[in-house]
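Please open the structure in a viewer and keep the sequence at hand. The tour below proceeds by selections, each followed by a description of what is found there.

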Amino acid sequence: MRVGLLLFTFFGIALSSTDCIYLSVNGSDTSGNGTYDRPYRTIQNAVDAHATEITTEIILCLMPGRYSGHLNNDFFFSNTWQWSLIIQGIDQESTKIIGDGSGVGGTRMSLHFQQIGIEDVVINVDALYMTNCTLTTRNTGNGIDLITVGLHNSTNPFKIVLSSTILDNFLWNGRVITCASTLPCQANISRTIFRNITTTSIIQGSSTILNLESTVFHGNTIIPSDSEAMIAIKMGRLTGATFMLNTIESNQNQLIAANGSVTITDSVFGCNYQDGISLDIDGALSRFNATDASQRNTFTCFQCPPGSFQSSIDTTQCMPCPIDTYKGETDGQCTPCNRWESSPAGSIRCRERLWMILAIVCPIVFVAIVATIILGIIRRRRAMDKHRQYTKI
């Protein structure tokens, strides 16, 4: 059996060669045919080449590499296509789709990402599934939404399913996940981490029914906007969720808001702030019309001292902030210094680089001056001793 097929089998996503249409960063859209030996190069061309053959789903197996360029990150599909597109990789680190802030879309399509790293890609489909993925962006959004479902006039159910996925460390001036339809939109999110995201809202949709399990919201910042909350939904159930070190900058926005009833059980709230004021459980849940089983939720607030951060979400171990970052008394995470500033590891503030240079150079100069003085005294004493010897002779 070919090595490529063995790799896909080993990582638990293998399908027979008749199921997979293969892609490689070294493949060809002109001479490729989608087999392991002759893979395509881009997603758009692979789909276009087989669209007329597909009745239910198309499966693209991406060999390791960074898939960039217009036909890999800005593909769009006909509104007559109602099948599922499944894009599989080896893992999030070795297989990445790299965009430039452009979009992936399809009016009636169901899009599945499995074991893929996704960067700088805007997604707009009727149904989205992400399993064992990472998602981040270097763009700032400019008021658009990063992931949108339900924008099209479709007869398909609008749905977003995230499982074992990490959305990490980005600034997005818009909503991260939104359901744009007034029709019911189902959001099932499990074992997922939303971490260090600065945005107007993470999950938003007046028609969204949220089922959230064992998911972490950590170190996120919600900037002032017309969005209701970090999570603003119609109704839902939250089980085993963790909300830690999140900041709501405006008192007009909330941590969680719902139009209907929400049940929250076995969840942890701690070190969340609204307009500079710490939120207890009642404050975090103040916008719910109905909440059940609140006695099974807990409040805890462990914070590392200034200049350090939690090495992971589920531990109390603190590590020094890296070089050129800082964390003050009220900061939830280590913040990068401005480009004209610097700081050593474990700092509580940044200083201008001139002061940093002086702080390093001055002790060296001082030691050099003292050493020169001492050396001069020693030489002078030796010279005087020699002079006395000559005088005696």
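A residue counts as buried when its relative accessible area is under 20%, as exposed when that area is over 50%, and as partly exposed in between. The model is a predicted one.

**First stop: the disulfides**

Begin by selecting Cys321, whose relative accessible area is 0%, so this residue is buried. Add Cys334 to the selection: the two residues form a disulfide, with sulfur atoms 2.0 Å apart. The link between Cys321 and Cys334 is left-handed, at -80 degrees about the S-S bond. Cys321 sits in the loop between β31 and β32 (325-326), and Cys334 in the loop between β32 and β33 (335-336), so the pair ties together parts 13 residues apart in sequence. Cys334 is also buried, because its relative accessible area is 19%.

How many disulfides does the structure hold? There are four. A disulfide is a covalent bond between the sulfur atoms of two cysteines.

Next, select Cys304 and Cys318, which a disulfide joins with an S to S distance of 2.1 Å. The torsion about their S-S bond is about -95 degrees, so this disulfide is left-handed. It links distant parts of the chain: Cys304 is in the loop between β29 (298-299) and β30 (308-310), whereas Cys318 is in strand β31 (residues 318-320), 14 residues apart. Are the two cysteines buried or partly exposed? Cys304 has 8% relative accessibility and therefore counts as buried; Cys318, at 29%, counts as partly exposed.

Now move to Cys20 and Cys61, joined by a disulfide with an S to S distance of 1.7 Å. This pair, too, links distant parts of the chain, with Cys20 in strand β1 (residues 20-23) and Cys61 in strand β2 (residues 57-62), 41 residues apart. Cys20 counts as buried at 4% relative accessibility, and Cys61 counts as buried at 0%.

**Second stop: strand β20 and its partners**

Select residues 235-239, which make up strand β20. Which side chains of this strand point to the buried face? Gly236 and Leu238 do, while Met235, Arg237 and Thr239 point to the other face and are not buried.

Extend the selection to residues 208-213, strand β16, which runs parallel to β20 and is joined to it by five bridges. Leu212 has Leu238 of β20 as its bridge partner. Then add residues 261-265, strand β24: four bridges join this strand to β20, and the two run parallel. Here the bridge partner of Arg237 is Thr263, in β24.

**Third stop: the phenylalanine rings**

Finally, show the aromatic side chains, among which four pairs are counted. Phe217 and Phe243 form a stacked pair, 4.9 Å centre to centre with 0 degrees between the planes. They link distant parts of the chain, as Phe217 is in strand β17 (residues 216-218) and Phe243 is in strand β21 (residues 242-244), 26 residues apart. Phe217 is buried, with a relative accessible area of 0%, and Phe243 counts as buried at 0%.

Phe243 also forms a stacked pair with Phe269, at 5.0 Å centre to centre and 5 degrees between the planes. Since Phe243 lies in strand β21 and Phe269 in strand β25 (residues 268-270), the pair ties together parts that are 26 residues apart in sequence. Phe269 is buried, with a relative accessible area of 0%.

To end the tour, select Phe194, Phe217, Phe243 and Phe269 together: ring pairs link these residues into a cluster.

Notes. Residues numbered from 1 in each chain as written. Predicted model: local features only at pLDDT ≥ 70, side-chain atom pairs only at ≥ 80, totals over all residues. Heavy atoms only, no water. Buried < 20%, exposed > 50% of the residue type's maximum accessible area, 1.4 Å probe, protein only. Pairing = 2+ DSSP bridges. Disulfide = S-S within 2.5 Å. Phe/Tyr/Trp six-rings, centres within 6.5 Å; stacked < 30°, edge-to-face > 60°.
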